[in-house]
Amino acid sequence: VSSLSWNAQLVSSGSRDSSIHHHDVRVASHQGVVGELQGHSQEVCGLKWSPQGSQLASGGNDNLLNIWEARRNQSRFVIGRHQAAVKALAWCPFHSNLLASGGGTADRRICLWNTGNGQCLNEVDTKSQVCAVQWSTHDRELVSSHGFTHNQLILWRYAGRGRVHKVVELTGHQARVLHMAQSPDGTTIVSA
């Protein structure tokens, strides 16, 4: 299992064999798979359910971003815009069809997507591998964490229509910043 995401009813797991499995959390034994998605040709390294649980974004080492609807076994959009693995995925909490995706070392971009029509609203060259992305629950901001070459965090202000502006870069990590989590009150980010 290389990635996990949870909505109200399903835990979805991405695997190295390129598949995504759904497990129904309402069933006493979670061992049974209730659905399987095939849309990648390599490891699924990023998964994220939308806050409403209606859409699933998956990213892979095949450089693809797939957008799935909850009740369908085929992707609604297959997007090949990134030039490296797509691990970083985050749904905007204040726009239901806004998704941020980040590409690896050969790509270094954050793309903002309208998942209603599959259009890229904007892309930003971060100059570093994008490892994770996290939207603020209180402000119109997002944080990205990075690896090669700068190992930094970047705070971005969302300006609407897919536009973002860099607010500040935070340094201090000596290696890739692979993971981030937001505190329950939404005021703090922890990075690892």
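This passage describes strand pairing and nonpolar cores in a predicted model. Residues are numbered from 1 along each chain as its sequence is written, and side-chain values use heavy atoms, with hydrogens and water left out. Because the model is predicted, local features need pLDDT of at least 70 and side-chain atom pairs count only at pLDDT 80 or more, whereas totals for chains, interfaces and linings use all residues.

Strands are DSSP runs of E with at least two residues, numbered from the N terminus, and two strands are taken to pair if DSSP finds at least two bridges between them. Strand β10 spans residues 98-103. On one side, β10 pairs with strand β9 (residues 86-91) in the antiparallel sense over 5 bridges, and V86 has G103 as its bridge partner in β10. The connection from β9 to β10 is a hairpin of 6 residues. Strand β11 (residues 109-114) also runs antiparallel to β10, to which it is joined by 5 bridges; here G102 is partnered by I110 of β11. A hairpin with 5 residues between the strands links β10 and β11, and R108 in its turn has a positive phi of about 65°.

Strand β10 is mostly covered, with 6 of its 6 residues buried (under 20% relative accessible area, with a 1.4 Å probe and protein chains only). L98, A100 and G102 point one way from the strand, while L99, S101 and G103 point the other way.

In soluble globular proteins, nonpolar side chains tend to be buried together. A nonpolar core is defined as a set of buried Ala, Val, Leu, Ile, Met, Phe, Trp, Tyr and Cys residues joined through side-chain atoms within 4.5 Å. The largest such core holds 16 residues, of which A100, V133, W135, L142, W156 and V164 touch the most other members. Two or more residues are given to this core by each of β9, β10, β11, β13 and β15 (153-160). A100 is in contact (heavy atoms within 4.5 Å) with residues including A88, I110, L112, V133, W135 and L142, when residues up to four places away in sequence are not counted. A second, separate core comprises 11 residues, among them A57, I79, W91 and C111.

An open sheet of 4 strands follows the order β13-β14-β15-β16 with antiparallel pairing. Its edge strands, β13 (130-135) and β16 (163-170), each pair on one side only. From one strand to the next, the twist averages 25°, where axes are lines fitted to C-alpha atoms and angles run from 0 to 180 degrees between N-to-C directions. Within this sheet, β13 and β14 (residues 141-146) share 5 antiparallel bridges, and A132 has S145 as its bridge partner in β14.

Definitions and conventions. Buried means under 20% relative accessible area, exposed over 50%, partly exposed in between (1.4 Å probe, protein chains only).
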